[in-house]
Each structure stands twice: as C-alpha cells, then as structure tokens.
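Visitor: I would like to learn how to read a model like this one, feature by feature. Where do we start?

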Amino acid sequence: MSTVYTKSSKVKTIIIWSIIVIYLFWVLVPLIWATLNSFKTLKDIYAVPPKLIFEPTLENWDYVLRYAEFPKYYLNTMIIGLTSTVTAMILGYFMAYALARFEIKRKDDIAFFVLSQRILPPASIVIPLFILFDKLALINTYPAIILPYIVLNLPFSVWILRSFIEEVPKEIDEAALVDGASILRVMFQIVLPQILYGFLATWIFIFVLTINEYFLAAILTGAATRPVSVAVTLFLPVGVRGAMPGPACAAGILMLIPPLVIFGLFHKFLVRGLTFGVIKG
C-alpha cells in the first residue's frame, strides 16, 4: 500500500511540476524574446535564423522615451487609472457598506445586479458612449474615459468590499453607534481599518485591470489623453507609425512596469487581503 501511495505521489508531483514548467515557458519565453528584441537593430530582429548573440543597442529605447512621447502616455495612464479607481473605491465602499449592514429589501438581488453590469461587454456600450461624449465635446478628454472606467470598476469594488465588510462582526458597529458615533465615523474609523488589507487588495485588482484596458481607451481617447495600453499599438504594423518591432518591444516592456511596481510594493497587502476571509472565518 505504501509503495502504491509513493508512486501516486510521485506521479502527482511530476504532473504538477510539468504544468508549472509549461506555464512558465508560455509566459516567460515571449517576455524574454521581447526584451531581447528591444535591444536589437531592425536587421537583427528579422535575421534568419534568429540571433541570440548580437551587439545590443539602445536606439529603440531612446526613440520610445525621447521621441514617441511615452512619458506623457505614462502620465495619462496614472491620471486615468488613479482617478477612476479611487473614485470607484470610495463610491463602492459606501454602497458595499449599505448592502452589508442595512436591512434592504432583496439586497442580494441588488448586489448581483450590480455585479452583472461588469459582465456587460464594452463593445455593447461604446457606440452610445462615443455619440454622447461627442455631442458633449468630451472626446479626447479625461472625463470621457474616466467616467466609463468608474462605472465598470464599481461592480467589482461593491461586490468584493461587501464580502470583506460582512466578515467584521456587526456588533462592533452597533456598539459604536450606541456610544454616540456617527455612521460615517463607524465606516471610516472602525470598519475600514478592520478591512484595510482587503480594501487595498481590491484597489490593486481594479487598478491593474484599468491600466491594461484597451478597447474603450482606443476609441474614447486621443493624442492628448492616450494611455500606455493604446500607445503601445502605435508601433505595430496597423499603427500610424508603421511597423517598428524594436520600439514596439521596448514599449511593451515599459507597459509592464506599473503593474510590477504595484505588486512589488503592495504584495503583502494583496496576500493579506486575499486571505482576509479565510483568516477571519
């Protein structure tokens, strides 16, 4: 019996590690290849067979950072991402608290309806949005993309924050209210510190989704408000600059920096936030 169990464990271990290796190969090889191409000349990029040993150049990075206005696109990304996600988190916290604490008729149905709005494909609303913002002369302005992102991020923030708030004993709120605390003080000085890790984890989640969103940004923004997710496509064959594989790879690597920095700085909060319900339960 022990021999069979040992063989079964070895088979499971081999299968698990095989899946991990395949996944890492699938993820890392394109990333490594893009990094190498960002330091190659156009001739080396199109060389057959592909060159693994070559004389590196910084001309692609120089072009992206100095002439392609990528710093401006980064600033646009931060303005759009931070404004939309912070606003969605604040509004979502108020709504999540109401759904978690107040006696509202059919509040579970309301919560599910709110979440269902995130399932709505952006393609189904982009044409009405474009017509509306065009009539209001808002195309190629920050509100034209920030407002839709707030609406799209709100369901996630409401749904996730509600589950975190429900993990905090309701008796804490009731005791504070009996002692004379206002509802806002209970929300922000008592409940919010209890779910802070979950709050930050939710913010990180929707922020990364926002800065990586392409479809709405490509249609509702222009040269003045273009984020990085759209700017990176300018170097592709369908872009206005023509085919520029070297700068495209450099821009793609630069696009990865914000999420990596965020996860690097806040990974502890993210892990604690994702395990909040497990620990509390």
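Guide: Start with one residue and place it. Ala-68 sits in the loop between helix 3 and helix 4. Keep in mind that this is a predicted model.

Visitor: Is Ala-68 buried or exposed?

Guide: Read the relative accessible area against a cut-off. Buried means under 20%. Ala-68 has 1% relative accessibility, so this loop residue counts as buried.

Visitor: How far is Ala-68 from Val-232, along the chain and in space?

Guide: Sequence separation and spatial distance are two readings. Take them together. Ala-68 and Val-232 are 164 residues apart along the chain, and 9.9 Å separates their C-alpha atoms.

Visitor: What share of the contacts joins residues 24 or more positions apart?

Guide: Count contacts with a separation of 6 or more. Of these, 73% are between residues 24 or more positions apart.

Visitor: How many helices and strands does the chain have?

Guide: There are 15 helices and zero strands. Now set the radius of gyration against the globule rule. The chain has a radius of gyration of 24 Å, and the rule gives 19 Å for 281 residues, so the chain is more spread out than a compact globule. The C-alpha trace spans about 75 × 75 × 30 Å along its principal axes.

Visitor: What percentage of the residues is buried, and what supplies the exposed area?

Guide: Buried residues are 38% of the 281 in the chain. The exposed area is about 16500 Å², with 73% of it supplied by carbon and sulfur atoms.

Visitor: Now charges. How many positive and negative side chains are there?

Guide: Count first, then compare centres. The chain carries 22 positive and 16 negative side chains, and the centres of these two sets are 7 Å apart.

Visitor: How do I get from charges to pairs?

Guide: Side chains of opposite charge can pair when their charged atoms come close. Searching the whole structure gives eight salt bridges.

Visitor: Which residue forms a salt bridge with Asp-62?

Guide: Arg-66 does, with 3.2 Å between the closest N and O atoms. Check the elements next. Both residues lie in helix 3 (residues 59-67), and their spacing of four residues is about one turn of the helix. Then check exposure. Asp-62 is partly exposed at 30% relative accessible area. Arg-66 is exposed at 58%.

Visitor: Which parts of the chain does the pair of Lys-170 and Glu-103 tie together?

Guide: Look up each partner's element. The salt bridge between Lys-170 and Glu-103 has an N to O distance of 3.8 Å. Lys-170 belongs to helix 8 (residues 170-178), while Glu-103 is in the loop between helix 4 (70-101) and helix 5 (107-119), so the pair ties together parts 67 residues apart in sequence. Lys-170 is partly exposed, at 32%. Glu-103 is exposed, at 71% relative accessibility.

Visitor: What is the N to O distance between Asp-108 and Arg-162?

Guide: Their side chains meet in a salt bridge at 2.5 Å, N to O. The pair links distant parts of the chain, with Asp-108 in helix 5 and Arg-162 in helix 7 (residues 142-167), 54 residues apart. Arg-162 has 10% relative accessibility and counts as buried. Follow the partners further: Asp-108, Arg-162 and Glu-166 are linked in a network of salt bridges.

Visitor: How far apart are Ala-98 and Arg-162 in space?

Guide: Read C-alpha to C-alpha again. The two are 8.6 Å apart in space and 64 residues apart in sequence. Ala-98 lies in helix 4. Its relative accessible area is 16%, so Ala-98 is buried.

Visitor: Let us turn to the backbone. Which peptide bond is cis?

Guide: Read omega. The bond from Val-48 to Pro-49 is cis, with omega near 0°. Pro-49 lies in the loop between helix 2 (42-45) and helix 3.

Visitor: What is the phi of Arg-106, and of Asn-140?

Guide: Check the sign, then the residue type. Arg-106 is not a glycine, yet has a positive phi of about 55°. Asn-140, not a glycine either, has a positive phi of about 70°.

Visitor: Where do Arg-106 and Asn-140 lie?

Guide: Arg-106 is in the loop between helix 4 and helix 5, and is exposed at 59%. Asn-140 is in the loop between helix 6 (123-135) and helix 7. Asn-140 counts as partly exposed, at 28% relative accessibility.

Technical notes: Residues are numbered from 1 along each chain as its sequence is written. This is a predicted model: local features need pLDDT of at least 70, side-chain atom pairs count only at pLDDT 80 or more; totals for chains, interfaces and linings use all residues. Side-chain values use heavy atoms; hydrogens and water are left out. Helices (H or I, at least four residues) and strands (E, at least two) are DSSP runs, numbered from the N terminus. The radius of gyration is taken over C-alpha atoms; the globule rule is 2.2 Å times the number of residues to the power 0.38. Buried means under 20% relative accessible area, exposed over 50%, partly exposed in between (1.4 Å probe, protein chains only). Contact means heavy atoms within 4.5 Å. Accessible areas come from the Shrake-Rupley method with a 1.4 Å probe; for residues, only the protein chains shown count as cover. Lys and Arg count as positive and Asp and Glu as negative; His and the chain ends are not counted. The place of a charge is taken as NZ of Lys, CZ of Arg, CG of Asp or CD of Glu. A salt bridge is a side-chain nitrogen of Lys or Arg within 4 Å of a carboxyl oxygen of Asp or Glu.
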